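Work through these exercises with the sequence and the 3D view side by side. Try each task before you read its solution.

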Amino acid sequence: MDILRPKEKNASKTHPSDDKLLNSGIVLICHSAGLAAQPCKALLYRKHGNPSQVVQLEDVDLPPMGAKDVLVKMLAAPINPSDINMIQGTYAILPDLPAVGGNEGVAGVIEVGCQVKSLKTGDWVIPKDAGLGTWRTEAVLAEDDVISLSNDIPLLSAATLGVNPCTAFRMLSDFEDLKPGDSVIQNAANSGVGQAVIQIAAARGINTINVVRDRPEFTQLSDRLKAMGGTHVIKEEALRRPEMKELFKTCPKPKLALNGVGGKSATELLRHLQFGGSMVTYGGMAKQPVTVPVSALIFKDVKVRGFWVTQWKRDHSSDGRAFRAMLDELCHLIKQGKLTAPACTEVGLRDYNKALDTAMQPFTSAKQVLIM
């Protein structure tokens with residue numbers, strides 16, 4: 001059962017340039033068949049349902065390595081809401097079953113096929129697309145399915161880089177021409193995306209108005225988000241109060257609103273946009289539709305858009321320069337200390353049930369990260 005290789009690769013064919021190397025007397029040893037590594041451990045699900053009931057830790061044989069494949073050791077992989085939804089069978093894309101869980105994570109390259117050009121032993125890599133299955137100890141992957149990452153950044157930053165920071169980066173870059181001194185308003189500001197938005201915006205000199213649900217530890221949360229670079233942190237109830245007028249005396253009205261909640265929260269964000277501003281929806285935690293007042297469309301000419309980082313990656317898969325440039329810029333911010341991983345709890349792979357249960361709890365303050 002070959003469930004650890006996302007796609008079949010034509011591994012046995014050689015490249016025309018190999019003939020020159022053979023004729024020069026250099027012997028090429030190419031992986032083609034029968035050179036599989038030892039069995040690895042993987043978190044598999046054979047049907048959709050409650051993750052705590054359908055996910056199992058199993059021993060799985062690795063497939064043979066092909067000439068354009070790499071053998072990797074998974075280092076760390078987070079549990080994201082999209083991972084949970086995929087296991088439940090409610091996500092927009094679903095892998096064939098049985099499947100390995102996890103869409104994000106970082107791995108170290110421990111062996112490369114003889115036709116691999118862009119990677120070498122010791123490189124860190126992350127998935128280029130969703131559905132790769134990162135909750136496992138080792139994997140044989142196609143060179144084209146991963147992209148290298150600077151290996152001198154913190155492990156947790158690398159493991160959590162491919163989804164939330166990329167989502168934040170693209171939303172801050174692609175919808176409005178934001179300049180230093182401009183403002184962005186966002187709900188779910190304490191989420192992984194929200195924290196990345198705060199830090200990337202701060203590095204660009206952009207103000208952030210950060211909206212969070214009320215909670216007993218609101219003051220501590222507010223202090224933490226401000227320490228990251230958040231300009232203002234407010235409760236959702238404050239969006240309709242006169243204090244917003246006071247806030248906008250020192251901070252310009254936002255050009256961009258980022259909505260990860262939906263429902264009333266999204267409608268309230270819209271009310272505070274500048275004329276012609278954009279609201280971008282990337283999540284719907286409230287599981288309620290976005291309601292747009294007619295007046296906002298007619299009199300403020302707001303734009304209502306959506307964003308899915310998986311689709312962005314697919315749209316740019318034929319030319320990897322945009323993805324490469326984004327990762328390089330994000331890694332540069334990490335090295336400068338301007339972009340940190342969200343609060344994480346490291347959990348051993350064998351304790352996956354505890355990690356899955358914790359990840360599904362509301363108001364979870366730390367991201368669960370499986371350490372292999």
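A polar contact is a pair of N or O atoms within 3.5 Å; within protein, one must be able to donate a hydrogen and the other to accept it, and residues adjacent in sequence count only if both atoms are side-chain atoms. The model is predicted, so local features need pLDDT of at least 70 and side-chain atom pairs count only at pLDDT 80 or more, while totals for chains, interfaces and linings use all residues. Residues are numbered from 1 along each chain as its sequence is written, and side-chain values use heavy atoms, with hydrogens and water left out.

**Exercise 1. Find the backbone partner of the aspartate 69 side chain, then state whether aspartate 69 is buried or exposed.**

Step 1. Locate the residue. Aspartate 69 belongs to strand 3, residues 69–78. Helices (H or I, at least four residues) and strands (E, at least two) are DSSP runs, numbered from the N terminus.

Step 2. Follow the side chain. It reaches the backbone nitrogen of glycine 66 at 2.9 Å.

Step 3. Check the accessibility. Buried means under 20% relative accessible area, exposed over 50%, and partly exposed in between (1.4 Å probe, protein chains only). Aspartate 69 has 1% relative accessibility, so it counts as buried.

**Exercise 2. Describe the salt bridge between glutamate 58 and arginine 46.**

Step 1. Recall the rule. A salt bridge is a side-chain nitrogen of Lys or Arg within 4 Å of a carboxyl oxygen of Asp or Glu. Side chains of opposite charge can pair when their charged atoms come close. The whole structure has 16 salt bridges.

Step 2. Read the distance. The side chains of glutamate 58 and arginine 46 meet at 2.5 Å, N to O.

Step 3. Place the partners. Glutamate 58 is in strand 2 (residues 55–60), and arginine 46 is in the loop between strand 1 (40–45) and helix 2 (51–54), so the pair ties together parts that are 12 residues apart in sequence.

Step 4. Check exposure. Glutamate 58 is partly exposed at 21% relative accessibility. Arginine 46 is partly exposed at 44%.

**Exercise 3. Which partner in the salt bridge of aspartate 123 and lysine 120 is buried, and which is exposed?**

Step 1. Confirm the bridge. The two side chains meet at 3.0 Å, N to O.

Step 2. Take each partner in turn. Aspartate 123 has a relative accessible area of 11%, so it is buried. Lysine 120 has 54% relative accessibility, so it counts as exposed.

**Exercise 4. How many residues apart are arginine 204 and glutamate 329?**

Step 1. Find the bridge. The side chains of arginine 204 and glutamate 329 form a salt bridge at 3.9 Å, N to O.

Step 2. Place both ends. Arginine 204 lies in the loop between helix 6 (192–203) and strand 10 (207–212), while glutamate 329 lies in helix 12 (residues 321–335). The pair links distant parts of the chain, 125 residues apart.

Step 3. Check exposure. Arginine 204 is partly exposed at 25%, and glutamate 329 is partly exposed at 37%.

**Exercise 5. Explain why the largest cavity lies between domain 1 and domain 2.**

Step 1. Define the space. On a 1 Å grid over the protein atoms alone, a cavity is a set of points where a 1.4 Å probe fits but cannot get out; lining residues have an atom within 4 Å of a point. The structure has 2 cavities of 30 Å³ or more.

Step 2. Look at the lining. The largest cavity has 14 lining residues; Thr160, Pro165, Thr340, Ala341 and Pro342 are the closest to its centre. Helix 6 gives the most, with 4 residues.

Step 3. Draw the conclusion. Domain 1 (39–160 + 341–371) and domain 2 (164–311) both give residues to this lining, so the cavity lies between them. The domain bounds come from an automatic or database domain assignment.

**Exercise 6. Where are the cis peptide bond and the positive phi of alanine 188?**

Step 1. Find the cis bond. It joins leucine 97 and proline 98, with omega about -5°. Proline 98 is in the loop between helix 3 (81–88) and strand 4 (99–100).

Step 2. Turn to alanine 188. Its phi is positive, about 50°, although it is not a glycine. Alanine 188 sits in the loop between strand 9 (183–186) and helix 6. At 7% relative accessibility, alanine 188 counts as buried.

Conventions: 1 Å grid on protein atoms, 1.4 Å probe; cavity = no way out; pocket = protein on both sides within 12 Å on 5 of 7 lines; lining within 4 Å. Points joined across faces, edges and corners; volume = space filled by probe spheres on them.
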